[in-house]
Amino acid sequence: MSKIKVLLLRGVNVSGANRLPMPEFRQMLLELGLEQIHTHIQSGNAVFVDPGVKDMQAKISAAMVDRFGFAPTMFVMDLADYDAVLAANPYHKQGAADGSKVHLYFLAKPVPAAEIMALTALAKDGEALVQTPAALYLLAPNGIGRSALAAKLEQNITAPKTARNYTSATAIAALARTITL
């Protein structure tokens with residue numbers, strides 16, 4: 001059965017590293033049997049229809065190594081699961097007002113509670129961090145670039161993760177909803 005999927009790649013087209021041209025990336029996904037492929041900005045966000053490709057994530061990873069020379073951490077999820085992560089965001093109001101102040105960190109596994117407590121102790125100037133099983137939600141009212149909490153989060157959370165600001169996260173969901181099955 002076909003399903004709409006969301007693919008998030010970590011560390012693509014950042015400061016010239018892990019260059020991934022989106023037209024070639026879309027073509028690669030098409031060659032793997034995926035359909036109705038759309039990308040959002042240049043940072044490895046894709047939505048598509050999966051008609052039931054077996055071992056899809058492993059195939060994407062192998063194809064990326066073959067074609068682009070690297071395989072970043074990736075998160076592939078059904079649109080319903082992606083929407084659930086967005087719906088669980090406790091900072092929706094703040095994100096709707098300024099999407100650059102709220103970041104969602106998609107997680108491969110939950111972060112131990114002790115690590116979260118240690119990080120939240122570093123929060124300053126209205127910063128806050130909340131975890132659900134699938135994501136961390138960071139409120140950085142002064143911006144991510146000025147957030148000591150954000151910097152420590154990147155350094156201290158070893159679980160595979162990738163972050164999107166609220167604006168990008170909601171735009172990806174909207175793009176996925178343009179797909180028809």
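Start by selecting residues 166-176, which form helix α7: this helix lies across β1, β2 and β3 and runs at about 160° to β2. Keep in mind during the tour that the model is predicted.

**The sheet**

Next, select the strands that α7 lies across, β1, β2 and β3, and add β4, residues 74-78. These 4 strands form an open sheet, and its order is β2-β3-β1-β4 with antiparallel pairing. Colour β2 (35-40) and β4 (74-78) to mark the edges, where each strand pairs on one side only. On average, and ignoring direction, neighbouring strands of this sheet are turned by 20° against each other. As background, strands of a sheet pair through backbone hydrogen bonds, either parallel or antiparallel.

Now keep β1 and β3 (residues 45-50) on screen. They run antiparallel and are joined by 6 bridges. For one place to look, pick valine 6, which stands opposite valine 47 in β3.

Then show residues 22-31, helix α1. This helix packs on the sheet and touches β1, β2 and β3. The direction of α1 makes about 155° with that of β2.

**Leucine 7**

Select leucine 7, which is found in strand β1, residues 3-9. Is leucine 7 buried or exposed? Its relative accessibility is 0%, so leucine 7 counts as buried; the cut-off for buried is under 20%.

What is leucine 7 in contact with, leaving aside its neighbours within four places in sequence? Display Phe25, Leu29, Gly44, Asn45, Ala46, Phe48, Ile60, Met74, Phe75 and Val76 to see these contacts. For a distance to check in the viewer, take the C-alpha atoms of leucine 7 and valine 47: they are separated by 6.1 Å, although the two residues are 40 residues apart along the chain.

**The largest pocket**

Rolling a probe the size of a water molecule over the atoms shows where empty space is left. In this model, the largest pocket holds about 320 Å³ of space. To find its centre, select Val14, Ser43, Thr162, Ala163 and Arg164, which lie nearest to it among the 17 lining residues.

Which elements each supply at least two residues of the lining? Select β5 (102-107), α6 (148-156) and β8 (161-165). Of the elements, β8 gives the most to the lining, with 4 residues.

Finally, colour the lining of the largest pocket by class: there are 8 nonpolar, 6 polar and 3 charged residues.

Key
Residues numbered from 1 in each chain as written. Predicted model: local features only at pLDDT ≥ 70, side-chain atom pairs only at ≥ 80, totals over all residues. Heavy atoms only, no water. 1 Å grid on protein atoms, 1.4 Å probe; cavity = no way out; pocket = protein on both sides within 12 Å on 5 of 7 lines; lining within 4 Å. Points joined across faces, edges and corners; volume = space filled by probe spheres on them. Nonpolar A, V, L, I, M, F, W, Y, C, P; charged D, E, K, R; others polar. Buried < 20%, exposed > 50% of the residue type's maximum accessible area, 1.4 Å probe, protein only. Contact = heavy atoms within 4.5 Å. Pairing = 2+ DSSP bridges. Axes fitted to C-alpha atoms, helices over the stretch in contact; angles between N-to-C directions.
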